[in-house]
Every structure is written in C-alpha cells, then in structure tokens.
Amino acid sequence: MPSINRTDETSKLLKTSTQYRRRDVQPHKGYGARHTFTILSFIGYFHLYALRFNLSVAIVAMANYTDTKSDQNYTESGVCPGPALNSSKTTTNQAVKFDWDERTQGLILSSFFYGYVATQIPGGYLATKFGGKRIFGYGVLITAILTLVTPVVARVGTWALILIRIIEGLAEGMTFPAISEMQGKWTPEMERTTLPMIASSGAAFGNVIVLPVAGYLCDTDFLGGWPSVFYIFGGSAIIWFLFWHCLIFETPSDHTRISAVERLYIESTASVKRATACQTPWKAILTSTAMWAIIVTNFMQAWGSYITNTTLPTYMNKIQKFDITKDGLLMALPMLMSMFTNILGSLLADFLRRKRYLSTVTVRKLFNTLGLVPAALCLPFIYMAGCEHVYVVALIVVGNGMLGFLGAGVTVNLFDIGYNYSGILMGLANFSSNLPGVMSPYFVGLLTNNNETMSRWQTIFYVSMGAYIIGTIVFLLFAKGKEESWNVQPEETTEPYITIQESAVTDNNLPRIKYADTYGF
C-alpha cells in the first residue's frame, strides 16, 4: 500500500492527475490513521470528563458543613435513616475540610461552567484558524495543570477555588468544538455516527472511572485523601497530551504515514474546504430550524444530565445516606450503561443508514427518543421509591444509562446538516448544552440550602423530567437529516469529481514516494 509523505518545497515533482467520482471510491478496510485518531480522542474525552467531574465526588469529602435539618437521622425530615453509618464510622483521613453550605457547594460546582460556556463559540472559530489539534490538546493540558494545583488553591480560599475552576472551564470550553472540527475532516460519511461516538464514549468512561475511584481515594489516606483525586487524574492527562502531540495530525493530508487508499476514502466525503470557500454563513446557520432543533434539544437534555453528574452524588450522600465510596460506585453504573448504549446506538444507526432500512432523519429521531423518554419516565419514580435503595439505584442506572442513545441522535446530527462547519456548529450546540451546567447546580443549591429533603429533590426531578420531554418534542418536530444548503461548498456544486495528484520525487537521490491531494469537493 503506497504511503503519503511530505517533501521539501524545493523538491522537483512530476505530476499526473487522475479523476474519480465519489461513488467510485472504495471503502478503506482494516486499521488506519483515522482509528488512531479515534482512540486518542477517546482517551482525550476521558480526561475531559475526569477533570471536570472529579470535584463532584471530592466535594462530599471536602465539605465539613452540616445543617440542622439534613443531619437528623429520621424520615420525618425527608431524609432516609442513616443506620449509625455516619456517626460510628471512623477515619484517619486528616485532609483539610471546608465549611461550605449547600449554596456555596452549588456555586463551586457551577463555576467551571461559567468559563466553559464562554469559550464554546470562540473555540470553534479558533479551531478553524489555528487547527483543532492544538486547541484540543492544549485545552486538556491547561486543565490538567490547574487540576494538579487545585488542593493548594482550595486552601487559599473559596474565591481562589472558584477562580481556578472558571479558568479550567475556559480551557476546556474550546476542546469540544476543536475535536468536532477535526472529526469533520477525519470521518467518512458512512462512519459519521460510529467513529465520533466511539470517541465521545470516552466521556462516559471518564465518569465510570473517576466517580468510584474518586470516592475510594477520598476515603483513604493515599496522598492525603481527597487531594489525591486531583493529583492522579491531572498527571494522567499530561501523559496523554504527549501522545496526542506526537501521533495526531490536523488533517489526512497532513499525515505523514496515512495510506493513499485511506486518505482518498476519507476525503471523498469528509470536510475538505478550499481557503477561498471558508466564509462562515452565520445568518443561514442561525436561522436554520434544524440547527435550532439541535440547540434547544441539547439544552433540555443537558439540564437533566448535569443534575446527575454534578449534584446527584450529594443527593445520594445526604438523602439516601450512601457513604462516599458507595456513592462514587453507584454514579459509575449509569455512566457504564450510557457508554454501552452510546456505542450500541452508533453501530445500529450506521447499520440502518448503510442498509437504507431507515432514512438518516428517522434514525436520528428514533435514537433521540430512545434516549430522552426513558430518562424522563424514570425521574419521578426515584422520589416515589423513597428509601428503597435497590429501586432507586435501578431507576438511576436505567434512566441515565439510556441517555447514551443520544449519541446516535442529536449529538451527531450537526455532522448530517453541516459537516463543513462542524467546529462552529459544535460551539453553538455545546454552548446551549452547557448553560445548564452553570444553572442547575446553583438551582439545586438554592432549593436545598438548609433544607436537604426528599420533597425538595422531588421538585428537582420533575423539572428535569419536563426538560427531557420538551427536548424530545422539539427534535421530533424540527430535526433534519440532510445536508443544509449553506453547507454546500461552491466547488461541490460545480465539480462532481475528486482529483488525485500523484507525484514522484526524483532529486537528491530520494526514493520514489507518492502523495495525494484533493480538489473539487
């Protein structure tokens, strides 16, 4: 199989051209450069979520605040009986603890998203200008370094911790639009669900690992208890960055080791734009009903999702009286199921599309509904289950686990309608999906401040249920599965061919090598 290599500009090139229609391009089989990109993207997603949500578990151990209502050990207060669990358990963990009430904890947990929301749209723009590889890689690296110093900063003061979390959010906010910009260039059309969703399932896997591991570490003396959560995951992310920096390339045409067959397969349907045709059609994008269906649905599903990821550990600890180790393990279970449904849904979705059993828009709506409706139906039963821990856990696992099917629905729908501007579209979609990250923890903190009871959490669950239902209806009514007219590049409408230039280097006694370049799409 020939290789694609870059040569010095002074090399003499003997060029010949061959044209192919898109439908004549054969799929590339076997392992390729796009799979290496997917694997390292998976690990990158893992660290994004591990660094984001490690505080959700650690804060249970960090906070030493108790209020007069939630500390009582009887059901009249709306709290499950704590079977001498909290009073009799002893620990040698001497880590510093902080007097943070529920409102303060909600503010700390939501502070990350102040910065995260702010850089979503700029992140997409910067990725198109400077490359998604740099923005994604350095976004993770900066967050990792700040995570390492979090235990020291927390001792300085609450304001310092909030500030550093905002800065972490600013750095991470650019990563999702950046990776989407790269996925638009690296993903062939018929793998447009599978590869991005395998990569993004790393986010769920991050929670699967970080939540139980963080709970365990907080309950030990290793590296001081809760500070070890930040040291371990921060250090791991820095190691990942070294591999990302050395092994990943911005586009298939930049890759020095990709085969010509794979590159042709990718670039025959992926995003390849000429510099003269890169003006972003902002007005068309912002008036597109299909894009607004994605934006609104992302906001609604994210509300319930962030309730789960950022505040449910506190609910399980304060109301259900789970200790912190079981708390983390419990929260990992729905994430594990979500990762499974994410990958399963993406494989089924591409199978249904490839075999033409269902249209793309039908597939997207089907899997979006499969994700949101079960999650909505399970929420009110969590309150009704009371202190029956088995039922509560089962409802949380099933409800939140089914959200993984969204990966084959709303999450990848932006590639269907506008893959040429996937970075910009992801910035808009992720902006809307992370507004609840700012609002929901603080909303929970205000609602439960000095009144951590089941009745208050019932209200929280019903609000989340309503958000899921609204998201389902909006997507069913307005989502589309075909490329929008504003995504079509000028050359796509005038030239149906792919031109491959083959070049031989003949000077400086270099061996004959070939490379491909693409034009006309």
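1. A residue is called buried when its relative accessible area is under 20%, exposed when that area is over 50%, and partly exposed in between. This note uses these words throughout in discussing a predicted model. By that standard, both Glu172 and Arg52 are buried. The two residues are also partners, for Glu172 forms a salt bridge with Arg52 in which the closest N and O atoms are 3.5 Å apart. The pair joins distant parts of the chain: Glu172 belongs to helix 7 and Arg52 to helix 1, with their positions 120 residues apart in the sequence.

2. The pair just described belongs to a wider group of charged contacts. Side chains of opposite charge can pair when their charged atoms come close. The structure holds seven salt bridges. Some of these contacts are joined to one another: Glu181, Lys185 and Glu250 are linked in a network of salt bridges.

3. A further salt bridge brings together the side chains of Glu262 and Arg34, at 3.0 Å from N to O. Here too the partners come from distant parts of the chain, with Glu262 in helix 11 (residues 260-267) and Arg34 in helix 1 (residues 33-62), 228 residues apart. Are these two residues buried or exposed? Glu262 has a relative accessible area of 2%, so it is buried. Arg34 also has a relative accessible area of 2% and is therefore buried.

4. The loop before helix 1 deserves a comment of its own. Gly32 lies in the loop between strand 1 (13-21) and helix 1. With a relative accessible area of 8%, Gly32 is buried. Although Gly32 and Arg263 are 231 residues apart in sequence, their C-alpha atoms are 9.4 Å apart in space.

5. Helix 7 contains a salt bridge between two of its own residues. Glu168 pairs with Arg165, and the closest N and O atoms of this salt bridge are 3.3 Å apart. Because Glu168 and Arg165 are three residues apart in helix 7, about one helical turn separates them. Glu168 is buried, its relative accessible area being 0%. Arg165 is likewise buried, with a relative accessible area of 3%.

6. Helix 7 also contributes to the surface. Val156, Trp159, Leu163, Ile167 and Leu170 form a nonpolar patch there, and together they have about 480 Å² of accessible area. Which element supplies the largest share of this patch? The answer is helix 7 (residues 158-173), which provides four residues. Leu170 is located in helix 7. Its relative accessible area is 33%, so Leu170 is partly exposed. A residue must have over 30% relative accessible area to be placed in a patch, and Leu170, at 33%, therefore passes that cut-off.

7. The packing of helices is considered next. Two packed helices are described by the angle between their axes and the distance between the axes. For helix 1 and helix 8 (residues 175-186), the axes come within 12 Å and cross at roughly 165°. An angle over 145 degrees counts as roughly antiparallel, so helix 1 and helix 8 are roughly antiparallel to each other. Their crossing is left-handed.

8. Helix 15 takes part in two packing arrangements that may be read together. Helix 15 (residues 360-384) packs with helix 19 (residues 454-478) at an angle of about 165°, and their axes are 9 Å apart. Helix 15 and helix 19 are therefore roughly antiparallel, and the crossing between them is left-handed. Helix 15 also packs with helix 16 (residues 389-401), at an angle of about 160° and with the axes 8 Å apart. This second pair is therefore roughly antiparallel as well, and helix 15 passes helix 16 in a left-handed crossing.

9. A final point concerns the backbone ahead of helix 15. Most residues other than glycine have a negative phi, and most peptide bonds are trans. What is the phi of Arg356? It is near 60°, a positive value in a residue other than glycine. Arg356 is placed in the loop between helix 14 (324-354) and helix 15. Its relative accessible area is 75%, so Arg356 is exposed.

Notes: Residues are numbered from 1 along each chain as its sequence is written. This is a predicted model: local features need pLDDT of at least 70, side-chain atom pairs count only at pLDDT 80 or more; totals for chains, interfaces and linings use all residues. Side-chain values use heavy atoms; hydrogens and water are left out. Patches are made of residues with over 30% relative accessible area and no salt bridge: like charges are joined within 9 Å, nonpolar side chains (Val, Leu, Ile, Met, Phe, Trp, Tyr) within 5 Å. Accessible areas come from the Shrake-Rupley method with a 1.4 Å probe; for residues, only the protein chains shown count as cover. A salt bridge is a side-chain nitrogen of Lys or Arg within 4 Å of a carboxyl oxygen of Asp or Glu. Buried means under 20% relative accessible area, exposed over 50%, partly exposed in between (1.4 Å probe, protein chains only). Axes are lines fitted to C-alpha atoms, for helices over the stretch in contact, and angles run from 0 to 180 degrees between N-to-C directions. Angles under 35 degrees count as roughly parallel, over 145 as roughly antiparallel, 65 to 115 as roughly perpendicular and the rest as oblique. A crossing is left-handed if the near helix is turned anticlockwise from the far one by less than a right angle, and right-handed if clockwise.
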